[in-house]
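Colleague: Could you take a close look at one part of this model for me? I'd like the local picture first, then how it fits into the rest.

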Amino acid sequence: EVLNPNSSMKIMTFNSIGLDKFGKFRKNGNTFVTYQCFTFFFLPIFPFGAYRIEELEGEQYRVYGSVKTSMLEVMSVYLSYYTWFFIIIFGLNLVF
């Protein structure tokens with residue numbers, strides 16, 4: 001399933017803007033597929049790719065390589081994060 005075993009995934013954010021990983025899909029043992037996205041205020045804006053990774057201790061992980069992107073998984077990432085965003089925003093509007 002790994003398309004490019006030599007690919008790497010960079011995770012770097014500054015003040016919640018940058019590149020981060022989102023989602024856990026297609027689990028296989030200790031590994032799973034996650035999406036690297038450009039983020040703005042902790043929200044995924046644009047996906048750069050899908051990677052099979054294994055989480056190690058703490059904030060560390062091992063990247064096995066890039067995998068084929070699934071549009072259904074990308075839409076699931078957007079739906080889950082933006083649903084919470086709108087619930088929080090509109091929930092705060094109802095309180096004030």
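In which strand is T31 found?

Modeller: Keep in mind that this is a predicted model. T31 sits in strand β3, which covers residues 31-40. With a relative accessible area of 13%, T31 is buried, because anything under 20% counts as such.

Let's stay with that side chain for a moment. It has polar company on two counts: the side chain of T31 reaches the backbone oxygen of N28 at 2.9 Å, and a polar contact of 2.9 Å joins the side chains of T31 and R52. Leaving aside residues up to four places away in sequence, T31 touches R26, R52, I53, E54 and Y64. So R52 turns up both as a polar partner of T31 and in the list of residues that T31 touches, by the contact cut-off of 4.5 Å.

Now zoom out to the strand itself. β3 is mostly covered, with eight of its 10 residues buried. As for its neighbours, β3 pairs with β2 (residues 17-28) in the antiparallel sense, over eight bridges. If you want a pair to find on screen, take L19, whose bridge partner in β3 is F38. The hairpin of β2 and β3 has two residues between the strands, and G29 there takes a positive phi near 70°.

On to the pairing with β4: β3 and β4 are antiparallel too, over 10 bridges. Here, F40 has L43 as its bridge partner in β4. This hairpin also has two residues between the strands, and F41 takes a positive phi near 55°. That one deserves a look, as F41 is not a glycine. F42 does something similar: F42 is not a glycine either, yet has a positive phi of about 70°. You'll find F41 in the loop between β3 and β4, and F42 is in that loop as well. Both side chains are worth displaying. F41 is exposed, with a relative accessible area of 52%, and F42 counts as exposed at 62%. Set that against T31, which is buried at 13%.

How does the sheet go on from there? Strand β4 spans residues 43-55 and pairs with β5 in the antiparallel sense, over six bridges. One of the pairs to click on is Y51, with S66 as its bridge partner in β5.

Put together, five strands form an open sheet in the order β1-β2-β3-β4-β5, with antiparallel pairing. The edge strands are β1 (12-14) and β5 (61-67), each of which pairs on one side only. On average, neighbouring strands of this sheet are turned by 40° against each other, direction ignored.

As for the whole protein chain, there are five strands and one helix, and from the N terminus on the elements run β-β-β-β-β-α. Of its 96 residues, 31% count as buried. Among contacts with a separation of 6 or more, 43% come from residues 24 or more positions apart. The accessible surface comes to about 6800 Å², and carbon and sulfur atoms hold 64% of that.

If you only save one view, I'd centre it on T31 with R52 shown, for that side-chain polar contact of 2.9 Å.

Definitions and conventions:
Residues numbered from 1 in each chain as written. Predicted model: local features only at pLDDT ≥ 70, side-chain atom pairs only at ≥ 80, totals over all residues. Heavy atoms only, no water. Helix = DSSP H or I, 4+ residues; strand = E, 2+ residues; numbered from the N terminus. Buried < 20%, exposed > 50% of the residue type's maximum accessible area, 1.4 Å probe, protein only. Polar contact = N/O pair within 3.5 Å; in protein donor to acceptor, adjacent residues only side chain to side chain. Pairing = 2+ DSSP bridges. Axes fitted to C-alpha atoms, helices over the stretch in contact; angles between N-to-C directions. Areas by Shrake-Rupley, 256 points an atom, 1.4 Å probe, with all protein chains shown as cover.
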